Amino acid sequence: MLDRSVRAAYSKISVKSQTVLPAEVRERLAVGPGDRLRYVLTEEGVRIEKAPPEGDDPFVTFTEWAGRADDEDYADL
């Protein structure tokens, strides 16, 4: 039986790896210009959420680990 509460929305990825969020996704997430998104990677897939303001992010203090070498070292975690 088809679950009518599940809908799909689509967008394309540009050559610069950018995409536009469909209007119904922006509305559901209550996001607009300047808002940040958080991508949560799980075994089931990737969940997109509206990110909390930067001051509320407990990991914002770890910006000293935000370099290219760190990205490469921890890419497979």
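Ser17 sits in the segment before α1. This is a predicted model, and in it the phi of Ser17 is near 60 degrees, a positive value in a residue that is not glycine. Ser17 is also exposed, with 61% relative accessibility.

A second residue belongs beside that one. Ala30 is not a glycine either, and its phi is positive, at about 55 degrees. Ala30 is placed in the loop between α1 and β1. Is Ala30 buried, exposed or partly exposed? It counts as partly exposed, at 48% relative accessibility.

Now the chain as a whole. The protein chain has two helices and two strands, and along the sequence they come in the pattern α-β-β-α. The chain has 77 residues, of which 8% count as buried. About 7,500 Å² of the chain is exposed, and carbon and sulfur atoms supply 54% of that area. On contacts, take the ones between residues at least 6 apart in sequence: 0% of these join residues at least 24 apart.

Next, the salt bridges. How many does the structure hold? There are three.

I will start with the one between Glu24 and Arg7, where the closest N and O atoms are 2.8 Å apart. This pair links distant parts of the chain, since Glu24 is in helix α1, residues 23–29, while Arg7 is in the segment before α1, and 17 residues separate the two. As for the surroundings, Glu24 is partly exposed, with a relative accessible area of 36%. Arg7 is exposed, and its relative accessible area is 61%. The cut-off for exposed is over 50%, so Arg7 falls in that class, and Glu24 at 36% does not.

The other part of the story is Glu49, which is found in strand β2. Which residue forms a salt bridge with Glu49 at 2.9 Å between the closest N and O atoms? That is Arg38. Glu49 lies in strand β2, residues 45–50, and Arg38 in strand β1, residues 37–42, so this salt bridge ties together parts that are 11 residues apart in sequence. Arg38 is partly exposed, with a relative accessible area of 36%.

Glu49 forms a salt bridge with Arg47 as well, and here the closest N and O atoms are 2.7 Å apart. The side chains of Glu49 and Arg47 also make a polar contact, at 2.7 Å. Arg47 counts as partly exposed, at 43% relative accessibility. Put together, Arg38, Arg47 and Glu49 are linked in a network of salt bridges.

What else does Glu49 touch, leaving out residues up to four places away in sequence? The residues are Leu29, Arg36, Leu37, Arg38 and Val40. Arg38 therefore turns up both in this list and as a salt-bridge partner of Glu49, across from strand β2 in strand β1.

Last, the strands also carry a nonpolar patch on the surface. Its members are Tyr39, Leu41, Val46 and Ile48, and together they have about 440 Å² of accessible area. Which elements give two or more residues to the nonpolar patch? These are β1 and β2. Tyr39, for one, has its place in strand β1.

To go back over the main points: the chain runs α-β-β-α, one salt bridge joins Glu24 to Arg7, and Glu49 is linked with Arg38 and Arg47 in a network. The nonpolar patch draws two or more residues from each of β1 and β2.

Methods
Residues numbered from 1 in each chain as written. Predicted model: local features only at pLDDT ≥ 70, side-chain atom pairs only at ≥ 80, totals over all residues. Heavy atoms only, no water. Salt bridge = Lys/Arg side-chain N within 4 Å of Asp/Glu carboxyl O. Helix = DSSP H or I, 4+ residues; strand = E, 2+ residues; numbered from the N terminus. Buried < 20%, exposed > 50% of the residue type's maximum accessible area, 1.4 Å probe, protein only. Patch = residues over 30% accessible without salt bridge, like charges linked within 9 Å, V, L, I, M, F, W, Y side chains within 5 Å. Areas by Shrake-Rupley, 256 points an atom, 1.4 Å probe, with all protein chains shown as cover. Polar contact = N/O pair within 3.5 Å; in protein donor to acceptor, adjacent residues only side chain to side chain. Contact = heavy atoms within 4.5 Å.
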